[in-house]
Amino acid sequence: MSVIEMKVPSPGESISEVEIAEWLVSDGDYVEKDQAIAEVDSDKATLELPAEVAGTITLKAEEGDLVAVGQVVCLIDTSAEAPEKKEAPKAEKKAEPAKEEKKEAQKEEAPKADVKDSYAKGTASPAASKIMKENNVSANQVSGTGKDGRITKQDVVDAMAAGFDTSSASGWGGTRDKTPKRMSMLRRKVAERLVAVKSETAMLTTFNEVDMKPIMDLRKKYKKAFGEHHDVNLGFMSFFTKAVTEALNLFPAVNAQIDGQEMIMHDYADIGIAVSSPKGLMVPVVRNAEQMTLAEIEKEIKRLAIKARDGKITPDEMTGGTFTITNGGVFGSMMSTPIINPPQSAILGMHNIVERPVAIDGKVEIRPMMYLALSYDHRIIDGKESVSFLVKVKEMLENPERMIFGGKDPYEVLLGL
């Protein structure tokens with residue numbers, strides 16, 4: 001018998017412990033090498049824990065446990081033989097569906113009748129729970145056929161295959177029940193940091209609005225050619241990122257941080273881009289954005305967003321930013337006051353684009369307008385700098401050609417002024 005101890009790997013620097021968020025397998029299951037067996041939460045990200053070898057697994061930690069980096073969380077018996085894959089029954093089921101379905105129904109009915117009431121009845125296994133969450137399936141919609149009435153992964157698959165309205169599973173039940181739900185380690189850390197920002201910084205927010213017509217016209221004209229040439233869509237975020245980097249160059253205090261009695265100035269712009277993921281809001285960082293083209297920014301944002309969505313983003317990819325951009329407009333937000341992402345000193349909030357009547361050269365016109373919000377730490381950034389920074393971002397978005405000339409008017413560059 002050969003048993004391998006699986007220890008918690010280090011997710012990144014300064015992380016000494018993680019939390020077992022969810023086991024994706026059950027005790028005694030056979031796992032394949034590199035199969036995801038658990039999700040672990042650190043204070044920076046949620047990561048998957050892959051099996052180092054193939055074999056039968058024995059769990060040594062419970063969901064919700066805090067475990068130190070390097071601690072043994074499970075054992076894998078490599079001498080165990082892999083279970084036979086049941087390919088043949090599937091083929092027979094297709095050939096004789098009526099007979100097979102009848103047999104399966106008889107098999108399922110027998111254990112259900114013998115299931116005794118116990119604490120385990122109706123409790124979903126980790127794998128079953130994961131599928132139920134992803135598909136909005138509640139426990140009362142699935143009959144458990146596992147030991148003592150537990151709901152197995154196959155029970156959920158069979159129930160979904162049989163057909164029911166999953167959209168109503170998360171609706172109101174009218175039971176007045178209260179269900180406690182443990183906050184993840186990541187969510188708890190985010191909560192602590194946000195409260196700290198409110199109490200430890202002199203945060204203020206200044207607003208402005210931008211006419212998005214020039215950007216929208218430019219995208220409409222070049223979007224197809226841009227996509228064909230660079231193999232990535234031309235979105236709004238690259239324009240905002242480029243405008244921000246040019247404005248940060250003119251107002252470096254907005255890109256600075258406080259460290260004790262000192263201001264840390266940065267000769268680069270690492271821009272955090274807030275993206276939505278199944279685990280909540282994450283802020284991956286685009287490194288040296290000031291040196292990137294629009295296409296390079298779009299590609300990097302796409303790469304990081306996909307990794308965040310798939311739960312494969314690393315803590316290193318979400319730390320070290322000097323400034324953050326968040327887009328509440330994708331959720332329909334008209335205006336908000338974004339909270340600074342510490343230890344940064346400022347954050348830019350984008351909002352939804354709404355057609356509104358505005359005065360253009362003495363005439364009322366309907367234009368696609370967006371509100372911008374800059375939250376900043378008044379300890380390090382003066383009101384003049386914050387307002388001037390936001391005005392510069394507005395100017396470059398309303399005159400996209402200025403991004404090419406470092407925020408200057410192209411005619412001034414041409415005339416050497």
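# Sheets, helices and confidence in a predicted model

User: What is the strand order of the open sheet of four strands that contains strand 5?

Analyst: This is a predicted model, in which local features need pLDDT (the predictor's confidence in each residue, from 0 to 100) of at least 70 and side-chain atom pairs count only at pLDDT 80 or more, while totals for chains, interfaces and linings use all residues. Residues are numbered from 1 along each chain as its sequence is written, and side-chain values use heavy atoms, without hydrogens or water. Strands (E, at least two residues) and helices (H or I, at least four) are DSSP runs numbered from the N terminus, and two strands pair if DSSP finds at least two bridges between them. The pairing in this open sheet is antiparallel, and its order is 5-4-2-7.

User: Which strands are at the edges of that sheet?

Analyst: An edge strand here pairs on one side only. The twist from one strand to the next averages 45° (axes are lines fitted to C-alpha atoms, for helices over the stretch in contact, and angles run from 0 to 180 degrees between N-to-C directions). The edge strands are strand 5 (46-50) and strand 7 (66-68).

User: Which residue of strand 4 stands opposite Glu 22?

Analyst: Strand 2 (residues 17-23) and strand 4 (residues 36-41) are antiparallel and share four bridges. Opposite Glu 22, strand 4 places Glu 39.

User: Which helix packs on this sheet?

Analyst: The helix touches strand 2, strand 4, strand 5 and strand 7, a contact being heavy atoms within 4.5 Å. Its direction makes about 130° with that of strand 2. It spans residues 185-200 and is helix 5.

User: Why do strand 1 and strand 3 each have one side without a neighbour in the sheet?

Analyst: They belong to an open sheet of four strands with antiparallel pairing, in the order 1-8-6-3. In general, strands of a sheet pair through backbone hydrogen bonds, either parallel or antiparallel. Strand 1 (3-7) and strand 3 (30-31) stand at the edges, so each is left with a single partner strand.

User: Which residue of strand 8 is the bridge partner of Ile 4?

Analyst: Strand 1 runs antiparallel to strand 8, and five bridges join them. Strand 8 (residues 72-77) is also joined to strand 6 (residues 55-59), by four bridges, and there Thr 58 stands opposite Leu 75. For Ile 4, the bridge partner in strand 8 is Ile 76.

User: What is the relative accessible area of Val 72?

Analyst: Val 72 lies in strand 8 and touches Glu 5, Met 6, Lys 7 and Lys 60, leaving out residues up to four places away in sequence. Buried means under 20% relative accessible area and exposed over 50%, with partly exposed in between (1.4 Å probe, protein chains only). Val 72 is partly exposed, at 23%.

User: Buried or exposed: which describes Thr 245 of helix 7?

Analyst: Helix 7 covers residues 236-250 and includes Thr 245. Beyond its neighbours within four places in sequence, Thr 245 is in contact with Ala 269, Ile 271, Ala 289 and Glu 290. With a relative accessible area of 5%, Thr 245 is buried.

User: How far apart are the axes of helix 7 and helix 8?

Analyst: Helix 8 covers residues 294-309 and packs against helix 7 at an angle of about 115°. Among the residues making the contact are Phe 236 and Phe 239 of helix 7 and Ile 297 and Ile 301 of helix 8. The axes are apart by 9 Å.

User: Which residue in the turn between strand 18 and strand 19 has a positive phi?

Analyst: Strand 18 (residues 354-360) pairs with strand 19 in the antiparallel sense over seven bridges, and Val 354 stands opposite Met 369. Strand 19 (residues 363-377) is also joined to strand 9 (residues 203-211) by nine bridges and to strand 17 (residues 346-350) by five. The hairpin of strand 18 and strand 19 has two residues between the strands. The phi of about 55° belongs to Asp 361.

User: What is the mean pLDDT of the protein chain?

Analyst: A pLDDT of 70 or more is reached by 84% of the residues. Over residues 91-95 the pLDDT is below 50, and this stretch has two contacts in the model beyond near neighbours in sequence. Residues 105-116 also stay under 50, with nine contacts beyond four places in sequence. For the protein chain, the mean is 83.
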